[in-house]
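Thanks for making the time this morning. I would like to walk you through one structure, beginning with its ligands and ending with a pair of helices.

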Amino acid sequence: MKDKIEQLLLENGASAVGFARLEGLYASIEDGPQSVDSVEGSIEVPAYPIGISILLAFEKDIIKNISNYPTMDYYDGYYRLNNKLDELAIECAEYIKKQGYNAYPQTVTSSKEYSNFRTVMPHKTVAVNAGLGWIGKSALFITEKYGSAVRLTSVLTDAPLEYNSSILQSKCGSCMRCKDACPGKAISGRGWSPELDRDEYFNAAACRKKAREIAAKSIDKVITLCGKCIEVCPYTRKYTRT
Ligand code: B12
Ligand code: SF4
Ligand code: SF4
């Protein structure tokens with residue numbers, strides 16, 4: 001079934017697909033400080049043991065052209081990729097359900113934020129544990145092939161699928177390009193490791209505030225859109241500039 005799922009997703013346009021073991025990685029929702037994007041009420045995400053990570057890469061030029069500020073092409077690409085990822089996740093979940101198992105597609109509307117800019121099972125956690133890449137100092141998920149110029153989704157399932165081994169080591173070395181370029185001063189420069197909580201090396205509130213200011217100024221939209229940390233990363237540039 002694993003090969004069939006992979007084939008289905010790649011044939012329908014996914015840039016990469018991976019399978020992760022998620023037991024012990026689901027966040028427990030506790031009362032705490034609420035961010036502006038936090039939802040009220042209960043969030044019911046089933047803690048299935050396997051996650052399927054689905055990546056879609058941006059076109060090279062879209063990312064190359066956000067070196068100064070976000071563009072309308074990036075804004076349109078953001079929605080286009082999100083819609084396509086939702087379609088792929090739903091299709092994948094439908095296929096698994098037809099084989100007699102449970103599956104939960106983490107579409108934009110079904111993976112809600114709670115508390116302090118958090119989701120119960122972030123797409124990046126699924127992607128890292130599926131062995132598709134690692135987390136950089138930028139707090140972004142990075143792949144060898146596309147750098148961080150990818151958007152992600154995931155499907156949670158109880159189907160007994162074989163899973164990949166994960167890359168739990170960052171590959172930033174002494175690079176500090178994203179820290180130096182970030183207009184919101186949100187990136188501390190501390191290297192990622194799985195035991196480090198995001199808030200110990202990345203300031204989500206500072207990023208959101210600055211990205212919204214920049215999007216309002218450059219494209220006149222109310223949205224958290226910046227992406228400078230994506231564009232400057234040498235792993236992304238290896239993809240966009242070759
Ligand atoms: C909340 C949110 C934000 C918040 C907080 C960002 C953050 N880094 O957490 C704010 C508003 C600041 C934000 C900003 C942006 N966001 Co945003 N955001 C999200 C969202 C909805 C949830 C993220 C979340 O739950 N964070 C909670 C923390 C705990 O998790 P995390 O950082 O995602 O992942 C940590 C764990 O996975 C852990 N981890 C990873 N592997 C393992 C393994 C083990 C064993 C363990 C223990 C832990 C562990 O390490 C990670 C880093 O600390 C996701 C979509 C989603 N549903 O996942 C998009 C998402 C993270 N955003 C995305 C993007 C692109 C952006 C922006 C560039 C905006 C833009 N489009 O221009 C900026 C970039 C900010 C940055 N440098 O990270 C992409 C990232 C793509 C990528 N290549 O990484 C996502 C995945 C959306 C998508 N569908 O593609 N975002
Ligand atoms: S999206 Fe912009 S403000 Fe946010 S971390 Fe990246 S470079 Fe900084
Ligand atoms: S720009 Fe450099 S420090 Fe930042 S994520 Fe990329 S490799 Fe790591």
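**Ligand surroundings and a helix pair**

I start at ligand 1, where an oxygen atom of the ligand lies 3.0 Å from a polar backbone atom of H123, and I should say at once that this is a predicted model. Two side chains also come into play here: an oxygen atom of ligand 1 is 2.6 Å from an N or O atom in the side chain of T119, and an oxygen atom of the ligand is 2.9 Å from an N or O atom in the side chain of Y74. Stepping back to the elements, those that contribute two or more residues to the shell around ligand 1 are α4, at 123–129, β6, at 150–157, α6, at 204–219, and α7, at 228–231. Of these, α4 provides the largest share, with five residues.

How many residues surround ligand 1? There are 37, and the closest are T119, T125, F141, R198 and Y201. Sorted by class, the shell around ligand 1 consists of 22 nonpolar, nine polar and six charged residues.

Turning to ligand 2, the residues that surround it are C182, P183, F202, C207, C226, G227, K228 and C229, and by class this shell around ligand 2 splits into six nonpolar residues, one polar and one charged.

For ligand 3, the surrounding residues are G136, K137, S138, I142, C172, C175, R177, C178, C233, P234 and Y235. At least two residues of the shell around ligand 3 come from each of α5, spanning 177–181, and α8, spanning 234–240, while the class count for that shell is seven nonpolar, two polar and two charged.

Let me close with the helix pair. Two packed helices are described by the angle between their axes and by the distance between those axes. In this model, helix α1, residues 2–11, packs with helix α3, residues 72–98, at an angle of about 150°, and their axes are 10 Å apart. Because angles over 145 degrees count as roughly antiparallel, α1 is roughly antiparallel to α3. The crossing of α1 and α3 is right-handed, and the contact is formed by K4, I5, L8 and L9 on the α1 side, with L88, E91, C92, Y95 and I96 on the α3 side. By class, this contact of α1 with α3 has seven nonpolar residues, two charged residues and no polar ones.

Conventions
Residues are numbered from 1 along each chain as its sequence is written. Chains are lettered from A and ligands numbered from 1 in the order in which they are written. This is a predicted model: local features need pLDDT of at least 70, side-chain atom pairs count only at pLDDT 80 or more; totals for chains, interfaces and linings use all residues. Side-chain values use heavy atoms; hydrogens and water are left out. A residue is near a molecule or strand if one of its heavy atoms lies within 4 Å of it. A polar contact is a pair of N or O atoms within 3.5 Å; within protein, one must be able to donate a hydrogen and the other to accept it, and residues adjacent in sequence count only if both atoms are side-chain atoms. Helices (H or I, at least four residues) and strands (E, at least two) are DSSP runs, numbered from the N terminus. Ala, Val, Leu, Ile, Met, Phe, Trp, Tyr, Cys and Pro count as nonpolar, Asp, Glu, Lys and Arg as charged, and the others, Gly among them, as polar. Axes are lines fitted to C-alpha atoms, for helices over the stretch in contact, and angles run from 0 to 180 degrees between N-to-C directions. Angles under 35 degrees count as roughly parallel, over 145 as roughly antiparallel, 65 to 115 as roughly perpendicular and the rest as oblique. A crossing is left-handed if the near helix is turned anticlockwise from the far one by less than a right angle, and right-handed if clockwise. Contact means heavy atoms within 4.5 Å.
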